[in-house]
Amino acid sequence: MARPTPLSGFPEFLPAGRFVENRVLGILSETFELHGFAPIETRAVEPLEQLSRKGEIDKEIYVVRRLHAAEGEADELGLHFDLTVPFARYVVENAGHLAFPFRRYQVQKVWRGERPQEGRYREFTQADIDIVGQDSLTAHHDIEVPLVALDAFERLHSELGLPPVTIRVNNRKLSEGFYRGLGIDDPAAVLQRVDKYDKIGPDAVVTLLVEQVGLSDSQARACVALAGISSGDESFVEQVRALGVSHDLLDEGLGELESLVRVARRSVPDRLVADLRIARGLDYYTGTVYETFLTGSESLGSVASGGRYDALAADNRHTYPGVGYSFGVTRILAPLIGRGQLIASRQVPSAVLVALDSDETREEALHVAAMLRRRGIPVEVAPRADKFGKQIRYAERRGIPFVWFSPGHEDSVKDIRSGEQVPADPTTWQPPADDLHVRVSGTS
């Protein structure tokens, strides 16, 4: 068989990388559950009409077609490109069984027709949290959700060595109120141009606002001045006030963002910044918006993001406003694993290899392995009764730290790193805590 050609944009980790991913997903899930979020999973496919119901999207949808579909049968299903659209459908379908506000987390694969590059994949894993209400959802949840995200990232940093993050936040009400206070009738068009601030710079944004949106030079420069405001404390409020614009919606947005920054600064100092250029391109956001950047990997762009939405899901009787956060798990991990910045201590889960004196002792070896496993020690039995030197080298190649000799007779265990070999009883012997399970750590 010829060597297969890899498919770009579909990352596949080696076992050590998968250990890293599993540990990260475990910490995320534990953190979400500590904050009262319940797990759900939705189907991988949605009707194409549902996936594209917000109009044109900038991610090509992968269409699902049966190999033996009838001639002329329409392509009606597509793989979901995020977890928000299927979640909106899930809420509407299951509203009668959910207690609101409903707190959910969801970890699944998604698929997009991206141009593959670092940080951009065609198949990748996301982890989402959302709090959804029925007809209303109080504003304090807009503060709660980024605090959950900060809690998760702080655990990943302290426990695994993941680089620290900065969450940059803004509020759509603040921006829209400011634009309306300037007499601008199409705030969405302004937001779309301001969203390009980091890519093209403030002067180019002014040009776009004047030439494409029809703003006056003074209006455009005021919008860009707002986008240039950034602060890790509540001082951004006075900076906005100093621009001399007033509007009720601006006041509401300023108040909500000020509360978030104040609470976050008290809970997790120096990790959350009010950045008034953050716009988030999706049009369904209506309040606070969030973007997250890895320290030292800012070139990846935002690796986790979200915000408040008031009308993403609705049926004939109710609307379901919510606030959510999406973690780009593969986007975060693939570069760090690829560069060796997050590593696993070994390639296999086994802490012990039970060696074989001969094929006749395999039954005793299996019995010793079972006794060790009953006490939570990961074990495998040597595949063949080679010379002990070969069995030790086999353990070394797999990263297994201990080899067990003479099962059922004069049992002993050897730490093949130090060479120390001691008598051992399979009912009581315990490896050091650091060797019991695969450890994940960061490197500088």
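Reader: Is Phe-32 buried or exposed in this model?

Author: Good place to begin, and please keep in mind that this is a predicted model. Buried means under 20% relative accessible area. Phe-32 has a relative accessibility of 0%, so it counts as buried.

Reader: And Tyr-105, is that residue buried or exposed?

Author: The same kind of reasoning works here, with the cut-off for buried set at under 20%. Tyr-105 has 7% relative accessibility, so Tyr-105 counts as buried.

Reader: How many aromatic pairs are there in the whole structure?

Author: Rings of Phe, Tyr and Trp pair if their centres lie within 6.5 Å. A search of the whole structure with that rule gives a total of 11 aromatic pairs.

Reader: The rings of Phe-32 and Tyr-105 form a pair, so is it stacked, edge-to-face or tilted?

Author: Planes under 30 degrees apart count as stacked and over 60 as edge-to-face, with the rest tilted. For Phe-32 and Tyr-105, the ring centres are 5.5 Å apart and the planes meet at 50 degrees, so the pair is tilted.

Reader: How many residues apart in sequence are the parts that this pair of Phe-32 and Tyr-105 ties together?

Author: Let's place each partner. Phe-32 belongs to helix H1 (residues 15-34), while Tyr-105 belongs to strand E5 (residues 102-111). The pair therefore ties together parts whose separation in sequence is 73 residues.

Reader: What about Tyr-290 and Tyr-325, is their pair stacked or tilted?

Author: Their ring centres lie 5.3 Å apart, with 25 degrees between the planes. Planes under 30 degrees apart count as stacked. The pair of Tyr-290 and Tyr-325 is therefore stacked.

Reader: Which strands hold Tyr-290 and Tyr-325?

Author: This pair links distant parts of the chain, 35 residues apart. Both tyrosines are buried. Tyr-290 is in strand E10 (residues 285-294), and Tyr-325 is in strand E12 (residues 319-328).

Reader: Which residues do ring pairs link into a cluster?

Author: You have met four of the members already: Phe-32 and Tyr-105 from the tilted pair, and Tyr-290 and Tyr-325 from the stacked pair. The full cluster is Phe-32, Tyr-105, Phe-153, Tyr-290, Tyr-325 and Phe-327.

Reader: Which ring does the charged end of Arg-104 sit over?

Author: The charged end of Arg-104 is 4.0 Å from the centre of a ring that it sits over. That ring's residue is one of the buried residues of helix H3. The ring belongs to Phe-87.

Reader: How many of the residues of helix H3 are buried?

Author: Helix H3 spans residues 84-94 and is mostly covered. Its buried residues are Thr-84, Val-85, Pro-86, Phe-87, Ala-88, Arg-89, Tyr-90 and Val-91. They pack against several elements, including E5, strand E11 (304-314) and E12. Out of 11 residues in H3, the number buried is eight.

Reader: Where is Leu-83, and is it buried or exposed?

Author: Leu-83 has its place in the loop between strand E4 (77-79) and H3. Leaving aside neighbours within four places in sequence, its contacts include Arg-104, Gln-106 and Asp-128. With a relative accessible area of 0%, Leu-83 is buried.

Reader: Which element holds Pro-321?

Author: Pro-321 has 4% relative accessibility, so it counts as buried. Beyond residues up to four places away in sequence, Pro-321 touches several others, among them Ile-131, Asp-135 and Tyr-309. The element that holds Pro-321 is strand E12.

Reader: What is the phi of Asp-135?

Author: Asp-135 is in the loop between E6 and helix H4 (140-160). A relative accessible area of 43% makes Asp-135 partly exposed. Although Asp-135 is not a glycine, its phi is positive, at about 75 degrees.

Reader: Is Asp-270 buried or exposed?

Author: Asp-270 sits in the loop between helix H11 (248-267) and strand E9 (272-275). Asp-270 also has a positive phi, of about 70 degrees, although it is not a glycine. At 70% relative accessibility, Asp-270 counts as exposed.

Reader: Which peptide bond is cis, with omega near 0 degrees?

Author: Look at the loop between H3 and E5, where Pro-101 lies. The cis bond, with omega near 0 degrees, runs from Phe-100 to Pro-101.

Key: Residues numbered from 1 in each chain as written. Predicted model: local features only at pLDDT ≥ 70, side-chain atom pairs only at ≥ 80, totals over all residues. Heavy atoms only, no water. Phe/Tyr/Trp six-rings, centres within 6.5 Å; stacked < 30°, edge-to-face > 60°. Helix = DSSP H or I, 4+ residues; strand = E, 2+ residues; numbered from the N terminus. Buried < 20%, exposed > 50% of the residue type's maximum accessible area, 1.4 Å probe, protein only. Lys NZ or Arg CZ within 6 Å of the ring centre and 35° of its normal. Contact = heavy atoms within 4.5 Å.
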